[in-house]
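Student: I would like to go through this structure and ask how each label is earned.

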Amino acid sequence: MGEVVNNLSIIMVLVASLRAHGAAMGSSQNGSNQSAMAGVPIVPAQGGVLRTAFVGGASKGIGRAVARHLASRGVRVIACGRSEGELKSLIDELPLIEVPGTSFLEKELKAHKAFVCDLSKTDELEGQLKKLVLEFGAVDILVLNSGGPKGGSILDAKPEEFRTAIEGHLISSQILAKTYVPGMKHRGQGRIVSILSTSVRQPIAGLGVSNSTRWAMAAWCKTLAGELAPFGITVNMVLPGFTKTTRLEELSKAQADKRGLKKEEVVDEWIKSTPMGRLGEPEEIASAVAFFASPAASFITGQALAVDGGRLGAV
């Protein structure tokens with residue numbers, strides 16, 4: 001009898017795998033990859049319950065590291081980004097999430113979702129999110145992350161640069177929150193984590209538009225934290241210092257060109273301004289995001305955590 005049950009269990013898991021495979025095949029037209037099912041690792045859902053996270057800016061850098069980190073902890077990920085190719089390669093890397101089924105024999109395998117979207121095009125965003133919610137439902141974790149504006153002094157910036165930055169960060173975050181907060185309120189819990197910058201506390205020279213926009217986002221997050229706390233929803237911020245990303249490469253090149261230096265010399269200045277004497281890794285920022293998104297952070301809200309190797313001089 002025991003052998004029969006074991007064989008039946010294996011069959012049911014295979015059936016569940018085929019269902020997940022079908023889902024992935026169906027979503028491949030929207031960005032995920034058909035080959036993602038071959039030899040993909042499987043991890044159990046966090047706490048035995050399926051939790052879903054929307055991760056902005058997941059194509060590369062810190063957002064991509066966050067998507068990997070959450071998936072490795074058994075969270076299903078909706079990976080949002082502008083590059084379909086980058087998102088497809090990310091989905092290929094992520095493990096499937098194993099969720100207990102309705103019977104003790106059956107387990108469901110959940111695939112992740114690639115959501116190709118430019119968050120700065122806010123006039124289209126609300127409609128795209130409505131379709132996404134119909135397909136994938138509510139989320140438990142909302143990670144607000146978007147590429148930063150180009151560098152430069154604040155007086156040299158054109159008004160349009162501020163408008164674009166505000167659209168891509170503040171307005172898109174407002175639309176995302178209005179989309180997903182009702183579901184969180186209904187369940188009496190939720191996690192919102194915004195990835196900003198240490199410039200929220202100490203402006204960074206040569207990043208005028210970014211400094212201004214990040215600070216506006218911090219004020220928005222703090223206000224939202226107070227409004228949502230009675231519903232069991234936390235809102236926190238992670239403030240990365242100088243981190244090894246494509247954006248850091250772009251900023252160092254821009255500053256080097258303007259100052260007549262080599263790119264490496266600019267990066268060396270940033271490293272010397274960091275007491276730990278090195279740049280941060282995207283995975284180190286992702287660990288802080290995962291903490292705020294976890295049950296362990298259930299009584300923490302409205303906080304901003306610097307992950308900067310000690311760069312900030314203030315408490």
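Tutor: Among contacts between residues at least 6 apart in sequence, 73% join residues at least 24 apart. Bear in mind that this is a predicted model. The chain has 9 helices and 10 strands, and buried residues make up 46% of its 315 residues.

Student: How much area does the chain expose, and what share of it do carbon and sulfur atoms supply?

Tutor: About 15,200 Å² is exposed, with 58% of that area supplied by carbon and sulfur atoms.

Student: How do you know that Cys-80 is in no disulfide?

Tutor: The search of the whole structure finds 0 disulfides. For Cys-80, the nearest cysteine sulfur belongs to Cys-117 and is 4.6 Å away. A disulfide needs the two sulfur atoms within 2.5 Å, so the pair does not qualify.

Student: Is Cys-80 buried or exposed?

Tutor: Its relative accessibility is 0%, and the cut-off for buried is under 20%, so Cys-80 counts as buried. Cys-221 also has a relative accessible area of 0% and is therefore buried.

Student: Why is Gln-255 called buried?

Tutor: Its relative accessibility is 19%. The label requires a value under 20%, so Gln-255 counts as buried. Gln-255 lies in helix α7, residues 246–259. Leaving out residues up to four places away in sequence, Gln-255 touches Ala-205, Gly-206, Val-266 and Trp-270.

Student: And why is Thr-234 called buried?

Tutor: Thr-234 has a relative accessible area of 4%, and buried means under 20%, so the label applies. Thr-234 is placed in strand β9. Beyond residues up to four places away in sequence, its contacts include Ile-192, Phe-292, Ala-297 and Ile-300.

Student: What makes a set of residues a nonpolar core, and which residues touch the most other members of the largest one?

Tutor: Members must be buried residues of the nonpolar kinds, joined through side-chain atoms within 4.5 Å. The largest such core has 33 residues, of which Phe-54, Leu-129, Tyr-180 and Ile-192 touch the most other members. Elements giving two or more residues to this core include β3 (75–81), α4 (122–136), α5 (159–187) and β9 (233–240). The largest share, 7 residues, comes from α6.

Student: Which residues does Phe-54 touch?

Tutor: Among them are Ile-78, Cys-80, Phe-115, Leu-129, Leu-132, Leu-176 and Tyr-180, with residues up to four places away in sequence not counted. There is also a second, separate core of 30 residues, which includes Ala-79, Ile-141, Ala-286 and Ala-293.

Student: Why is the pair Glu-283 and Arg-68 called a salt bridge?

Tutor: The N to O distance between their side chains is 3.9 Å. The limit is within 4 Å, so the pair qualifies. Glu-283 is in helix α9 (residues 282–293) and Arg-68 in helix α2 (residues 61–72), 215 residues apart, so the pair links distant parts of the chain.

Student: What makes both of these residues partly exposed?

Tutor: Glu-283 is at 40% relative accessibility, and Arg-68 has a relative accessible area of 34%. Partly exposed lies between the 20% and 50% cut-offs, so both residues take that label. Glu-283 and Arg-68 are also linked with Arg-64, Glu-86 and Glu-93 in a network of salt bridges.

Student: How many salt bridges does the structure hold?

Tutor: It holds 14. One of them joins the side chains of Glu-135 and Lys-113, at 3.3 Å from N to O. Glu-135 lies in helix α4 and Lys-113 in strand β6 (residues 113–116), so this pair ties together parts 22 residues apart in sequence. Lys-113, at 3% relative accessibility, counts as buried, whereas Glu-135, at 42%, is partly exposed.

Student: How do you know that Asp-268 and Lys-272 are about one helical turn apart?

Tutor: They are 4 residues apart in helix α8 (residues 263–272), so about one helical turn separates them. Their side chains meet in a salt bridge of 3.2 Å, N to O.

Student: What separates their exposure labels?

Tutor: Exposed means over 50%. Lys-272 is at 66% relative accessibility, so Lys-272 counts as exposed. Asp-268, at 33%, counts as partly exposed.

Note on methods: Residues are numbered from 1 along each chain as its sequence is written. This is a predicted model: local features need pLDDT of at least 70, side-chain atom pairs count only at pLDDT 80 or more; totals for chains, interfaces and linings use all residues. Side-chain values use heavy atoms; hydrogens and water are left out. Buried means under 20% relative accessible area, exposed over 50%, partly exposed in between (1.4 Å probe, protein chains only). Contact means heavy atoms within 4.5 Å. Accessible areas come from the Shrake-Rupley method with a 1.4 Å probe; for residues, only the protein chains shown count as cover.
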